[in-house]
Amino acid sequence: MINIKQLKYFITCADAGSFSEAASVLYTTQSSVSKVIRALEEEMQASLFIRNPHGISLTQNGKQAYAYASRVLENVEAMAELSAVCLLYTSDAADEEDSV
């Protein structure tokens with residue numbers, strides 16, 4: 001099953017244009033990035049990147065996946081923000097109950 005980490009690594013690689021640059025952004029190793037991307041490609045049964053000596057670029061499948069992955073990550077971030085707001089309201093409500 002595809003996971004959030006794979007999507008984050010995929011988007012970061014595509015934006016960076018190389019696995020080594022993505023590794024730097026993600027504070028990990030190029031080997032780790034390559035393994036995560038390889039697992040994602042195996043899960044999707046599709047090549048997502050064209051690999052060449054000067055970096056990487058998205059395949060046609062990769063371009064489609066990028067659009068979907070971007071939306072997924074945007075929604076995950078929105079859920080995290082909602083969670084923080086809910087936690088704040090829950091905390092405020094508990095404080096009000098304690099003061100009553």
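Is Q45 buried or exposed? At 74% relative accessibility, Q45 counts as exposed. Good morning, colleagues. Before I go on, please bear in mind that the structure above is a predicted model.

Let me stay with Q45 for a moment. This residue sits in the loop between α3 and β1, and β1 covers residues 49–52. Its backbone is noteworthy: Q45 has a positive phi of about 55°, although the residue is not a glycine. As background, most residues other than glycine have a negative phi. A second case is Y27, which also is not a glycine and has a positive phi of about 55°. Y27 is found in the loop between α2, residues 19–26, and α3, residues 30–44. With a relative accessible area of 79%, Y27 is exposed.

Next to consider is A46. A46 belongs to the loop between α3 and β1. Which residues does A46 contact, once its neighbours within four places in sequence are left aside? They are E41 and N61. A46 has a relative accessibility of 19%, and the limit for buried is under 20%, so A46 counts as buried. From A46 to Y27 the separation is 19 residues in sequence, and the C-alpha atoms of the two residues are 26 Å apart in space.

I turn now to the two helices on either side of Y27. How are α2 and α3 arranged relative to each other? They pack at an angle of about 105°, and their axes are 8 Å apart. Angles of 65 to 115 degrees count as roughly perpendicular, and therefore that description applies to α2 and α3. On the α2 side, the contact is made by F19, S20, A23 and L26; on the α3 side, by Q30, V33, S34 and I37. By character, the residues of this contact divide into 5 nonpolar and 3 polar, with no charged residue.

The strands come next. β1 runs antiparallel to strand β2, residues 55–58, and 4 bridges join the two. Together β1 and β2 form a hairpin, with 2 residues between the strands. Within this pairing, N52 stands opposite G55 of β2. As a general reminder, in a regular strand the side chains alternate between the two faces of the sheet.

Beyond the hairpin, T59 lies in the loop between β2 and α4. T59 counts as buried, at 13% relative accessibility. What does T59 touch, not counting residues up to four places away in sequence? The answer is S47, L48, F49 and I50.

F49 brings me to the aromatic rings. How many aromatic pairs are there? The count comes to 3. One of them is the pair of F10 and Y66, which is edge-to-face, at 6.3 Å centre to centre and with 65° between the planes. F10 lies in helix α1, residues 4–16, whereas Y66 lies in helix α4, residues 60–99, so this pair ties together parts that are 56 residues apart in sequence. The two partners may also be described by their accessibility. F10 is buried, with a relative accessible area of 1%, while Y66 is partly exposed at 25%.

Another pair is that of F19 and F49. Their ring centres are 5.7 Å apart and their planes stand at 85°; the angle is over 60 degrees, so the pair is edge-to-face. This pair, too, links distant parts of the chain, with F19 in helix α2 and F49 in strand β1, 30 residues apart. Both partners are buried: F19 has a relative accessible area of 9%, and F49 has one of 3%. Taken together, ring pairs link F10, F19, F49 and Y66 into a cluster.

Let me close by drawing two of these threads together. F19 takes part in the contact of α2 with α3 and is also a member of the aromatic cluster. F49, for its part, belongs to that cluster and is among the residues touched by T59. Thank you for your attention.

Conventions. Residues are numbered from 1 along each chain as its sequence is written. This is a predicted model: local features need pLDDT of at least 70, side-chain atom pairs count only at pLDDT 80 or more; totals for chains, interfaces and linings use all residues. Side-chain values use heavy atoms; hydrogens and water are left out. Helices (H or I, at least four residues) and strands (E, at least two) are DSSP runs, numbered from the N terminus. Buried means under 20% relative accessible area, exposed over 50%, partly exposed in between (1.4 Å probe, protein chains only). Contact means heavy atoms within 4.5 Å. Two strands pair if DSSP finds at least two bridges between them. Rings of Phe, Tyr and Trp (its six-membered ring) pair if their centres lie within 6.5 Å; planes under 30 degrees apart count as stacked, over 60 as edge-to-face and the rest as tilted. Axes are lines fitted to C-alpha atoms, for helices over the stretch in contact, and angles run from 0 to 180 degrees between N-to-C directions. Angles under 35 degrees count as roughly parallel, over 145 as roughly antiparallel, 65 to 115 as roughly perpendicular and the rest as oblique. Ala, Val, Leu, Ile, Met, Phe, Trp, Tyr, Cys and Pro count as nonpolar, Asp, Glu, Lys and Arg as charged, and the others, Gly among them, as polar.
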